[in-house]
Amino acid sequence: MHNALNVRKEPDPSTDPPCDLCTALCCKYFALEIDKPTKPRELDQIRWYLVHQDVVIWVQDGDWYLEVRNRCKHLLPDNRCEIYNTRPDVCREYGDPDDGPCEYYGDTLQFDLYFDSAEAFEPYRLKQLKKREKRLAKRRAKRKKVKELV
């Protein structure tokens with residue numbers, strides 16, 4: 001943004017996103033909310049996602065997301081939108097200050113968990129499998145005790 005003296009003014013994350021200053025970061029990926037993996041098969045599914053190129057899994061405010069880094073086919077070389085007037089609502093609403101700052105303010109983004117490879121996910125996966133096994137062992141012991149009392 002420029003003022004009357006043509007001095008660049010710093011963008012404010014509490015107002016509209018600074019699209020004119022950005023490199024279209026939000027147009028170079030999409031993220032889908034997914035269920036939190038709790039079973040071995042679901043944990044393996046996450047691992048499978050992560051062995052693919054340009055895929056990231058992250059958790060924000062307890063919600064899990066699958067991010068696919070894939071450029072929008074309507075993004076022009078100068079980072080403008082080729083279909084700006086007819087773009088999807090999700091694009092129109094993106095960067096709304098009420099939903100939090102956009103990627104331009106990347107240093108403000110906070111993740112509970114962030115996995116950019118199957119190797120990065122492995123310690124989490126093993127920890128969850130161990131916790132699950134402990135819970136199942138307790139249940140089995142409880143059932144066995146109830147059977148013995150009957």
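Biologist: Why is Glu-67 called buried?

Modeller: In this predicted model, Glu-67 has a relative accessible area of 8%. Buried means under 20%, and therefore Glu-67 at 8% is classed as buried.

Biologist: What makes the contact between Glu-67 and Arg-69 a salt bridge?

Modeller: The side chains of Glu-67 and Arg-69 meet at 2.7 Å, N to O. The criterion asks for a side-chain nitrogen of Lys or Arg within 4 Å of a carboxyl oxygen of Asp or Glu, so the pair qualifies at 2.7 Å.

Biologist: Why is Arg-69 called partly exposed?

Modeller: Arg-69 has a relative accessible area of 39%. That value lies between the 20% and 50% limits, so Arg-69 is partly exposed.

Biologist: What makes Arg-80 exposed?

Modeller: The relative accessible area of Arg-80 is 51%. Exposed means over 50%, so Arg-80 meets the term. Its salt-bridge partner is Asp-78, with the closest N and O atoms 2.6 Å apart. Asp-78 has a value of 45% and is therefore partly exposed, since this is not over 50%.

Biologist: How do you know that Arg-47 forms a salt bridge with Asp-44?

Modeller: The closest N and O atoms of Arg-47 and Asp-44 are 2.9 Å apart, which is within 4 Å, and the pair therefore counts. Both residues lie in helix α1 (residues 40-50), three residues apart, about one turn of the helix. Arg-47 is partly exposed at 31%, and Asp-44 is partly exposed at 35%.

Biologist: How many salt bridges does this rule give?

Modeller: The count comes to five.

Notes. Residues numbered from 1 in each chain as written. Predicted model: local features only at pLDDT ≥ 70, side-chain atom pairs only at ≥ 80, totals over all residues. Heavy atoms only, no water. Helix = DSSP H or I, 4+ residues; strand = E, 2+ residues; numbered from the N terminus. Buried < 20%, exposed > 50% of the residue type's maximum accessible area, 1.4 Å probe, protein only.
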